[in-house]
Amino acid sequence: MDDHEPNTVKDLLVELKDASELMVDLAYAAVFFNEEKLAEEVGRLEERSTLYLRRLRTIAMLAARSPEDAEGMAGVLWIADAIQKVGDAASDIARVIAARLGIPDALRPDLRHADEMTARIRVRDGSNAAGHTLRELSLPTETGMWVMAIRSDMRWEFDPGPDDMVVAGDVLLVSGPEEGVNLVRELAGAPPIPQAPESDAPPLSELDRAVDILVEMKDLAEAAVALAYASILFNNRTLASEVGVLEARSDVLEDELESWVLRAAPEARNVDELRGLIRLASASESICDAADGKSLKELQVETETGMFVLAIQRGPRWVYRPRGTSVLRGGDRLISIGPEEGEEELIALCGEQPVPIET
């Protein structure tokens, strides 16, 4: 493992990007499979990310020696704030397990087969995996699983390469088909996962739809975070607009899941499990919001363009005289007034052609 601690803005952003993406994946897996140890890994990543975010903000402030420097670093601080929101939302999802809320047991059998499974496996002394590189283990071809990260004590290696060595005591975070988990556990000297007990709870109405919603919310949140980072990396407005589309879809799914919970409440044995679904829906939406949102103040619409935003139309809803903290989302329509020369600047910020007002 590399002991290098990131101390530059670039290195810190890369580490925080990898950590936040992994937190989202682990948090959903912890809830879907009722795995407390996965939830604990999310907590460890949150502690590490908090330290790195503090370091990033300190470096950004110390680097600003002029108004121009400060303007450049403002974008870095905005990214740091968005990363923190993603991490906070992932932690909220993981805390569904710690709070003993969970999700209805009736959903779990289908969720186990609905998507790739994420697992946490500790390498034991004397196991077949200890002392070998990932290339030598050939996990993708031998087990169908791939290693997302390796944790050694509190050191992390994200997306490890074929030459990374696995040693006794390492924790492997792997993803892949359910049947591959026990194959990796056998290589690592860990006992197999016991079969999930059969639930005698009565079936809930529209169970398949609830599973579909949960899986799609997970996929949307992960995709939104990945696209948001890619849009920043490549400075690509098209990718950024796609995040807005995903965020709008997440809004719809949140409403659908809440409606399902209300319909299922009379049939449920444990209301706390339904509360867990509500928290999961809210945190999932927060992840997409953090990936998509950019406030009017952060966009500096008035100072950059001279235009004044009178209203925002979002679907059938309107926000009149929005404040600087109002967050713009993909698909929003702006009603604005101002000097003619500011129109092109506003169009560039929004990435859309204006709709002329008939008089």
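How many bridges pair β3 with strand β4 (residues 155-158), and in which sense do the two strands run? β3 and β4 pair over four bridges, in the antiparallel sense. Here, two strands pair if DSSP finds at least two bridges between them, and helices (H or I, at least four residues) and strands (E, at least two) are DSSP runs, numbered from the N terminus.

Before going further, a word on the model. This is a predicted model, in which local features need pLDDT of at least 70, side-chain atom pairs count only at pLDDT 80 or more, and totals for chains, interfaces and linings use all residues. Residues are numbered from 1 along each chain as its sequence is written, and side-chain values use heavy atoms, with hydrogens and water left out.

## The chain as a whole

The secondary structure comes to 13 helices and 11 strands. Of the 359 residues in the chain, 43% are buried; buried means under 20% relative accessible area, exposed over 50%, and partly exposed in between (1.4 Å probe, protein chains only). Taking contacts with a separation of 6 or more, 76% are between residues 24 or more positions apart, where contact means heavy atoms within 4.5 Å.

## The sheet

The β3-β4 pair belongs to an open sheet of four strands, ordered β1-β6-β3-β4, with antiparallel pairing. β1 and β4 each have a single partner strand and stand at the edges, so one side of each is left without a neighbour in the sheet. On average, neighbouring strands are turned by 20° against each other, direction ignored. For this and the other angles, axes are lines fitted to C-alpha atoms, for helices over the stretch in contact, and angles run from 0 to 180 degrees between N-to-C directions.

The bridges can be followed residue by residue, and here are some of the partners.

| Residue | Bridge partner or opposite residue |
|---|---|
| Alanine 119 | Valine 174 in β6 |
| Tryptophan 146 | Serine 175 in β6 |
| Arginine 151 | Valine 171 in β6 |
| Isoleucine 150 | Glutamate 157 in β4 |

Strand β1 (residues 117-122) is joined to β6 by six bridges, and strand β3 (residues 146-152) is joined to β6 by five. Both of these pairings are antiparallel. The hairpin of β3 and β4 has two residues between the strands, and aspartate 153 takes a positive phi near 55° there.

What about the surroundings of strand β6 (residues 171-176)? Six of its six residues are buried, so β6 is largely enclosed by the rest of the structure. Val171, Leu173 and Ser175 are buried on one side, and Leu172, Val174 and Gly176 are buried on the other.

## Helices on the sheet

Helix α1 (residues 9-32) packs on this sheet and touches β1, β3, β4 and β6, its direction making about 90° with that of β4. Helix α7 lies across β1 and β6, and runs at about 10° to β1.

Which residues of helix α7 (residues 178-187) are buried? They are Gly180, Val181, Val184 and Arg185. These four cover an arc of only 145° around the axis, which puts them on the same side of α7; the arc is that of the directions from the helix axis to the C-beta atoms. An α-helix has 3.6 residues a turn, so residues three or four places apart point the same way. Glu179 and Glu186, on the other side of α7, are exposed. The cover over the buried residues of α7 includes β1 and α6 (139-143). Just after α7, glycine 189 has a positive phi of about 80°.

## A helix pair

Helix α9 (residues 237-264) packs with helix α10 (residues 271-292) at an angle of about 170°, and their axes are 9 Å apart. That makes α9 roughly antiparallel to α10, on a scale where angles under 35 degrees count as roughly parallel, over 145 as roughly antiparallel, 65 to 115 as roughly perpendicular and the rest as oblique. Among the residues making the contact are Val243, Leu257 and Trp260 of α9, and Leu274, Ile278 and Cys288 of α10. By class, this contact has 12 nonpolar, four polar and seven charged residues. Ala, Val, Leu, Ile, Met, Phe, Trp, Tyr, Cys and Pro count as nonpolar, Asp, Glu, Lys and Arg as charged, and the others, Gly among them, as polar.

## Two single residues

Serine 49 lies in helix α2 (residues 36-63) and counts as buried, at 8% relative accessibility. Leaving aside neighbours within four places in sequence, serine 49 is in contact with Leu16, Ala19 and Met23.

Aspartate 110, in helix α4 (residues 108-114), is partly exposed with a relative accessible area of 32%. Aspartate 110 and aspartate 208 are 98 residues apart along the chain, with their C-alpha atoms separated by 8.0 Å.
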